[in-house]
Amino acid sequence: MAVIKIETTPEEHEKVLAALRAIGNKTASVAMIAEEAQMTQNRTRYTLVDLEESGKIKKNLVRAFNEKYKRYSYEVIE
């Protein structure tokens, strides 16, 4: 199976980090973060994954409604 790696830019990282700082430790959906960062939800989702893999943010599970519908809060580690 092919592996697809989507690259995100440092500018996108900064926008998402700024949005997470503005939101704080509240529960946040990708849509809320995307709106705050003024980005699309897909680009925000990919950027969140990159930031988590690089150790710049920590994703905390707040509530799991079911296997696919979960809510997280995000902690900026920098």
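How many salt bridges does a search of the whole structure find? The search finds 3. The model is a predicted one. The salt bridges are taken up below, after the packing of the helices.

Helix 1 spans residues 10-23 and helix 2 spans residues 30-37. Their axes come within 8 Å. The crossing angle is roughly 110 degrees. Helix 1 and helix 2 therefore count as roughly perpendicular, a class that runs from 65 to 115 degrees. The crossing of helix 1 past helix 2 is right-handed. On the helix 1 side, the contact is made by Lys15, Val16, Ala19, Leu20, Ala22 and Ile23. On the helix 2 side, Met32, Ile33, Glu36 and Ala37 take part. By class, this contact holds 8 nonpolar residues and 2 charged ones, with no polar residue.

Helix 1 also meets helix 3. Here the axes come within 10 Å and cross at roughly 90 degrees. This pair is therefore roughly perpendicular as well. Helix 1 contributes Glu12, His13, Val16, Leu17 and Leu20. Helix 3 contributes Arg43, Thr44, Thr47, Leu48, Asp50 and Leu51. The contact of helix 1 with helix 3 divides into 5 nonpolar, 3 polar and 3 charged residues. Val16 and Leu20 of helix 1 appear in the contact with helix 2 and in the contact with helix 3.

The remaining pairing is that of helix 2 with helix 3. Their axes cross at roughly 105 degrees and come within 9 Å. That angle makes helix 2 roughly perpendicular to helix 3. Val30, Ala31, Ile33 and Ala34 of helix 2 touch Gln41, Thr44, Arg45 and Leu48 of helix 3. The residues of this contact comprise 5 nonpolar, 2 polar and 1 charged. Ile33 of helix 2 meets helix 1 and also helix 3. On helix 3, Thr44 and Leu48 take part in the contact with helix 1 and in the contact with helix 2.

Attention now turns to the charged pairs. Side chains of opposite charge can pair when their charged atoms come close. Lys5 forms a salt bridge with Asp50, with 3.2 Å between the closest N and O atoms. This pair links distant parts of the chain, 45 residues apart. Lys5 sits in the segment before helix 1, whereas Asp50 sits in helix 3, which covers residues 41-53. The two partners differ in burial. Lys5 has 52% relative accessibility and so counts as exposed, the cut-off being over 50%. Asp50 has 13% and so counts as buried, the cut-off being under 20%. Asp50 is also one of the helix 3 residues that meet helix 1.

A salt bridge also joins Glu12 and Arg43, whose closest N and O atoms are 2.8 Å apart. Glu12 belongs to helix 1 and Arg43 to helix 3, so the pair ties together parts 31 residues apart in sequence. Both residues are listed in the contact between these helices. Glu12 is buried, because its relative accessible area is 14%. Arg43, at 25%, is partly exposed.

Glu52 and Lys59 make up a further salt bridge, with an N to O distance of 4.0 Å. Glu52 has a relative accessible area of 35% and is therefore partly exposed. Lys59, at 33%, also counts as partly exposed.

Where is Gln38 found? Gln38 is in the loop between helix 2 and helix 3. Its phi is near 55 degrees, a positive value in a residue other than glycine. With a relative accessible area of 70%, Gln38 is exposed.

Which residues does Lys15 touch, not counting those up to four places away in sequence? They are Ala37, Gln38 and Met39. Lys15 lies in helix 1 and is partly exposed, at 41% relative accessible area. Lys15 is among the helix 1 residues that meet helix 2, and Ala37 is among the helix 2 residues that meet helix 1. Lys15 and Leu61 are 46 residues apart along the chain, and their C-alpha atoms are separated by 22 Å.

Technical notes:
Residues numbered from 1 in each chain as written. Predicted model: local features only at pLDDT ≥ 70, side-chain atom pairs only at ≥ 80, totals over all residues. Heavy atoms only, no water. Axes fitted to C-alpha atoms, helices over the stretch in contact; angles between N-to-C directions. Helix = DSSP H or I, 4+ residues; strand = E, 2+ residues; numbered from the N terminus. Parallel < 35°, antiparallel > 145°, perpendicular 65-115°, else oblique. Left-handed = near helix turned anticlockwise from the far one by under 90°. Contact = heavy atoms within 4.5 Å. Nonpolar A, V, L, I, M, F, W, Y, C, P; charged D, E, K, R; others polar. Salt bridge = Lys/Arg side-chain N within 4 Å of Asp/Glu carboxyl O. Buried < 20%, exposed > 50% of the residue type's maximum accessible area, 1.4 Å probe, protein only.
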